[in-house]
Amino acid sequence: MNRRGRGVTANDTKSDKKRQRQQNILKRLGNKPIVLVGIMGCGKSTVGRRLAQYLALNFIDADSEIEKAADRSISEIFAEHGESYFRQGEKRVIARLLDEGPQVLATGGGAFINEETRSRIKEKGISIWMKAELSVIMTRVRKRPTRPLLQTADPEATMQKLMDERYPIYEEADMAIWSRDVTHEAVMEEILIALEKGLPPLSDEASENNEVGK
């Protein structure tokens with residue numbers, strides 16, 4: 001029998017399941033962005049792009065938006081104006097992005113530490129902490145040696161200090177997953193599972209509409 005006469009294929013079934021999963025997550029997400037938080041090097045941007053593609057959402061990197069607004073690289077902002085100045089700009093940019101509706105937003109490592117930014121994210125978004133162990137983080141950040149906060153005599157000790165300070169605050173995120181030394185797709189799957197388990201359930205009316213659309 002030729003391909004046209006095979007009827008429904010395994011690929012068709014797989015595509016339908018992906019579409020149903022995508023629609024379920026998006027309906028439960030409502031008008032809120034997915035906000036990825038965590039220490040530098042945990043994979044927010046690389047995994048975030050794949051997550052956005054899977055869910056058919058825009059991907060926004062907050063650090064890139066800050067650089068556009070300042071017409072400077074983050075390293076240049078730190079060098080010319082210091083961290084406090086950068087944090088103020090970061091706070092303004094993220095506040096604007098949170099008002100732009102459903103998207104996948106990757107934030108810088110220090111963004112969620114700011115109390116005002118953290119409150120805004122809690123109010124307007126669904127936050128996911130991408131946890132990672134020190135060894136995994138150091139392997140990743142060594143590939144990009146320009147990170148301002150790691151320009152020290154002992155970057156690994158600096159990173160451990162940052163993790164000790166920030167991890168208790170990241171715990172306030174709505175959900176958390178482990179960003180391990182596996183494929184980006186595997187980490188994305190962990191996020192999808194967390195969303196399916198942690199997002200508010202659909203209302204009865206929305207559930208009925210979702211069933212009709214299958």
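This is a short talk about one protein model, going from the whole chain to a few of its residues.

Hi everyone, and thanks for coming. Before anything else, please keep in mind that this model is predicted.

Let's begin with the whole protein. There are 10 helices and 5 strands. The protein has 214 residues, and 44% of them count as buried. On the outside, about 12,000 Å² is exposed, with carbon and sulfur atoms supplying 47% of that area. Now think about how the chain meets itself. If we take contacts with a separation of 6 or more, 77% of them are between residues 24 or more positions apart.

Next, the inside. Which residues have the most contacts within the largest nonpolar core? That core has 57 residues, and the ones with the most contacts inside it are Ile34, Ile39, Met159, Ile191 and Leu195. The element that gives the most to this core is helix α9, residues 184–198, with 6 residues.

Let me pick out Ile39 from that group. Setting aside its neighbours within four places in sequence, Ile39 is in contact with Lys44, Gly109, Ile137, Met159, Leu162, Met163, Arg166, Tyr167 and Tyr170. One of those partners, Ile137, belongs to the buried residues of helix α7, residues 134–141. The others buried in α7 are Leu134, Val136, Met138 and Val141. Helix α8 is included in what covers the buried residues of α7.

Now to the aromatic rings. The count comes to 4 aromatic pairs. In one of them, Phe78 and Phe86 have ring centres 5.0 Å apart and planes at 40°, so the pair is tilted. Both Phe78 and Phe86 are buried. Another pair is Trp129 and Tyr170, with centres 5.7 Å apart and planes at 40°, so this pair is tilted as well. Why does the pair of Trp129 and Tyr170 tie together parts of the chain? Trp129 lies in strand β4, residues 126–131, and Tyr170 lies in helix α8, residues 155–170, so the pair links parts that are 41 residues apart in sequence. Trp129 and Tyr170 are both buried. Together with Tyr167, they form one aromatic cluster.

Let's move to helix α3, residues 62–70. Its buried residues are Ala62, Glu65 and Ile66. If you look down the axis of α3, these buried residues fall within an arc of 100°, so they line one face of the helix. Here is a rule worth remembering: an α-helix has 3.6 residues a turn, so residues three or four places apart point the same way. And what do the buried residues of α3 pack against? They pack against β2 (59–61), α4 (74–81), α5 (83–98) and β3 (104–106).

The two ends of α3 are worth a look too. At the start of α3, a side-chain oxygen of Asp61 comes to within 3.0 Å of the backbone nitrogen of Asp63. Just after α3, Asp71 has a positive phi of about 55°.

Staying with α3, let's look at Glu65. Is Glu65 buried or exposed? Its relative accessibility is 16%, and buried means under 20%, so Glu65 counts as buried. Leaving aside neighbours within four places in sequence, Glu65 is in contact with Ile60, Val93, Arg96 and Leu97. Glu65 and Val93 are 28 residues apart along the chain, and their C-alpha atoms are separated by 7.1 Å.

Two more residues before we finish. Thr107 is in the loop between β3 and α6. At 4% relative accessibility, Thr107 counts as buried. Its side chain reaches the backbone oxygen of Leu36 at 2.8 Å. Not counting residues up to four places away in sequence, Thr107 touches Val35, Leu36, Val37, Lys44, Ala62 and Ile94. You may remember Ala62 as one of the buried residues of α3.

The other residue is Arg118, in helix α6, residues 115–124. With 11% relative accessibility, Arg118 counts as buried. Where does the side chain of Arg118 find a backbone oxygen? A polar atom of that side chain lies 2.9 Å from the backbone oxygen of Ile113. Apart from residues up to four places away in sequence, Arg118 touches Phe112, Ile113, Ile169 and Glu172.

That's my tour. Thank you for listening, and do ask me anything.

Notes
Residues numbered from 1 in each chain as written. Predicted model: local features only at pLDDT ≥ 70, side-chain atom pairs only at ≥ 80, totals over all residues. Heavy atoms only, no water. Core = buried A, V, L, I, M, F, W, Y, C linked by side-chain atoms within 4.5 Å. Buried < 20%, exposed > 50% of the residue type's maximum accessible area, 1.4 Å probe, protein only. Helix = DSSP H or I, 4+ residues; strand = E, 2+ residues; numbered from the N terminus. Contact = heavy atoms within 4.5 Å. Polar contact = N/O pair within 3.5 Å; in protein donor to acceptor, adjacent residues only side chain to side chain. Arc of directions from axis to C-beta. Areas by Shrake-Rupley, 256 points an atom, 1.4 Å probe, with all protein chains shown as cover. Phe/Tyr/Trp six-rings, centres within 6.5 Å; stacked < 30°, edge-to-face > 60°.
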